[in-house]
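Hi there,

Here is the structure I promised to pass on to you. Have a look at it first, and then read my notes below.

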Amino acid sequence: MLQDLLGTNPDFQPRFLRRYADGLKALADLDPTAAGRHFQSCLEVTPPYPLCYRGLGIAYAKQNKRREAAAAYKEYVDAAPQATDAEQVRALLSELEPAPK
């Protein structure tokens, strides 16, 4: 999937990869607020890449922003339902979403 997207727009690769990598670095540096900003910026690249939603979900979850994390994870699994980690993310999503009343 990534290779297909990277080949469609020569300007997409450097912008996407730089923003995504900055988000991953911020997560590794234990700065989920900065990570969230980088992943949000990653989503502004056209077309938005699903992994940016996943990263944003992680950043929000680390900030205990459950509603925002759930929304980002949902966008991820909707955009990449066959991703190798989709079931794992769905399980996280079910933990974050409130139980029906």
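Let me start with a question: is D85 buried or exposed? With a relative accessible area of 14%, D85 is buried, because the cut-off for buried is under 20%. Please keep in mind as you read that this is a predicted model.

**The overall picture**

The protein has 6 helices and 0 strands, so you can follow the chain as the pattern α-α-α-α-α-α. Of its 101 residues, 37% count as buried. The accessible surface comes to about 6,300 Å², and carbon and sulfur atoms hold 53% of that. If you take the contacts with a separation of 6 or more, 40% of them are between residues 24 or more positions apart.

**Back to D85**

You will find D85 in the loop between α5 and α6. Leaving aside residues up to four places away in sequence, D85 touches R54 and Y76. With R54 there is also a salt bridge between the side chains, at 2.6 Å from N to O. This pair links distant parts of the chain, since R54 sits in helix α4 and the two residues are 31 apart. While D85 is buried, R54 counts as partly exposed, at 25% relative accessibility.

**Other salt bridges**

The whole structure has 4 salt bridges, and here are two more to look up. One joins the side chains of R90 and E87, with 2.7 Å from N to O. Those two are 3 residues apart in helix α6, which means about one helical turn separates them. E87 is exposed, at 58% relative accessible area, whereas R90 is partly exposed at 28%. Another bridge brings together the side chains of D29 and K25, also given as 2.7 Å from N to O. Here D29 is partly exposed, with a relative accessible area of 48%.

**The nonpolar core**

Now for the inside of the protein. The largest nonpolar core has 26 residues, and among these F16 and C52 touch the most other members. At least two core residues come from each of α2 (12–28), α3 (32–42), α4 (50–62), α5 (66–79) and α6 (86–96). The largest share is from α5, which gives 6 residues.

Which residues does C52 touch, not counting those up to four places away in sequence? They are F16, Y20, F39, C42 and L43.

**The disulfide**

One of those neighbours deserves another look: C42 and C52 form a disulfide, with their sulfur atoms 1.8 Å apart. A search of the whole structure finds 1 disulfide. Because C42 is in helix α3 and C52 in helix α4, the pair ties together parts that are 10 residues apart in sequence. C42 is buried at 0% relative accessibility, and C52 is buried with a relative accessible area of 0%.

**The aromatic rings**

Finally, try finding F16, Y20, F39 and Y49, which form one aromatic cluster. The count of aromatic pairs comes to 3. In the pair F16 and Y20, the ring centres are 5.6 Å apart and the planes meet at 15°, so the rings are stacked. F16 and Y20 are 4 residues apart in helix α2, so about one helical turn lies between them. Both of these residues are buried.

Enjoy exploring, and write back with any questions!

Best wishes

Technical notes
Residues numbered from 1 in each chain as written. Predicted model: local features only at pLDDT ≥ 70, side-chain atom pairs only at ≥ 80, totals over all residues. Heavy atoms only, no water. Core = buried A, V, L, I, M, F, W, Y, C linked by side-chain atoms within 4.5 Å. Buried < 20%, exposed > 50% of the residue type's maximum accessible area, 1.4 Å probe, protein only. Contact = heavy atoms within 4.5 Å. Phe/Tyr/Trp six-rings, centres within 6.5 Å; stacked < 30°, edge-to-face > 60°. Disulfide = S-S within 2.5 Å. Areas by Shrake-Rupley, 256 points an atom, 1.4 Å probe, with all protein chains shown as cover.
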